[in-house]
Amino acid sequence: MPVVTVQQGPRSIELKRDLVQRITDAFVDAYRIPAEAVQVWIQETPAESWGQAGVLTADK
C-alpha cells in the first residue's frame with residue numbers, strides 16, 4: 001500500500017482534492033493497484049514557519 005506525503009504551504013480544499021485524485025490516479029496507472037490501496041497525506045506549513053535562501057516565505 002503506497003503512502004504519499006506532500007509537504008506544502010496552505011492551499012484551498014478544492015486544490016487538495018484535485019491533487020489527491022491525481023496522485024491516486026498516477027499510482028493506480030503505474031502500479032496497477034486499486035485506488036483504495038493509495039493513501040495521500042498532506043502536511044501544510046504556514047508561510048511564517050518555513051523559508052528559503054535565508055528568507056521566511058511570509059516575508060517574500
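Student: How do I read Arg32: buried or exposed?
Tutor: Go by relative accessible area: under 20% is buried, over 50% is exposed, and anything in between is partly exposed, using a 1.4 Å probe and protein chains only. Arg32 comes out at 69%, so that residue counts as exposed. Before we go on, keep in mind that this is a predicted model, where local features need pLDDT of at least 70, side-chain atom pairs count only at pLDDT 80 or more, and totals for chains, interfaces and linings use all residues. Numbering starts from 1 along each chain as its sequence is written, and side-chain values use heavy atoms, with hydrogens and water left out.

Student: What about the phi of Arg32?
Tutor: Most residues other than glycine have a negative phi. Arg32 has a positive one, near 55 degrees, and sits in the loop between helix 1 and strand 2. Ala53 also has a positive phi, near 55 degrees. Look for Ala53 in the loop between strand 3 and strand 4 (55–56); at 76% relative accessibility, Ala53 is exposed.

Student: How many helices and strands does the protein have?
Tutor: Helices (H or I, at least four residues) and strands (E, at least two) are DSSP runs, numbered from the N terminus. Here you get one helix and four strands, and from the N terminus on they run β-α-β-β-β.

Student: Which residues make up the largest nonpolar core?
Tutor: A nonpolar core is a set of buried Ala, Val, Leu, Ile, Met, Phe, Trp, Tyr and Cys residues joined through side-chain atoms within 4.5 Å. The largest one here has seven residues: Val4, Val6, Ile23, Ile33, Ala37, Val38 and Val40. Try clicking on Ala37: leaving aside neighbours within four places in sequence, Ala37 is in contact (heavy atoms within 4.5 Å) with Met1 and Pro2.

Student: What does Thr24 touch?
Tutor: Not counting residues up to four places away in sequence, Thr24 touches Ala35, Val38 and Val40. Thr24 lies in helix 1 and, at 10% relative accessibility, counts as buried. Val38 and Val40 should ring a bell, as they belong to that largest nonpolar core.

Student: How many salt bridges are there?
Tutor: The rule asks for a side-chain nitrogen of Lys or Arg within 4 Å of a carboxyl oxygen of Asp or Glu. That gives two. One of them pairs Lys16 with Glu44, the closest N and O atoms being 3.3 Å apart. Lys16 lies in helix 1 (residues 13–31) and Glu44 in strand 2 (residues 39–44), so this bridge ties together parts that are 28 residues apart in sequence. Both ends are partly exposed: Lys16 has a relative accessible area of 22%, and Glu44 has 32%.

Student: Where do Arg22 and Asp18 lie?
Tutor: Both are in helix 1, four residues apart, which is about one turn of the helix. They form a salt bridge too, with the closest N and O atoms 2.8 Å apart. Arg22 is exposed at 57%, while Asp18 is partly exposed at 37%.

Student: Which residues make the nonpolar surface patch?
Tutor: Patches use residues with over 30% relative accessible area and no salt bridge; like charges are joined within 9 Å, and nonpolar side chains (Val, Leu, Ile, Met, Phe, Trp, Tyr) within 5 Å. Here Met1, Val3 and Trp41 make a nonpolar patch of about 370 Å². Trp41 lies in strand 2 and is partly exposed, at 47%.

Student: Where does Glu48 lie, and what does Glu48 touch?
Tutor: Glu48 is in the loop between strand 2 and strand 3 (51–52), exposed at 54%. Beyond residues up to four places away in sequence, Glu48 touches Leu56 and Ala58. The C-alpha atoms of Glu48 and Gly9 are 9.8 Å apart, with their positions 39 residues apart along the chain.

Student: What radius of gyration does the protein have?
Tutor: The radius is taken over C-alpha atoms, and the globule rule is 2.2 Å times the number of residues to the power 0.38. A compact globule of 60 residues would come out near 10 Å, but this protein has 15 Å. The C-alpha trace spans about 45 × 20 × 15 Å along its principal axes, and buried residues make up 18% of the 60.

Conventions:
Accessible areas come from the Shrake-Rupley method with a 1.4 Å probe; for residues, only the protein chains shown count as cover.
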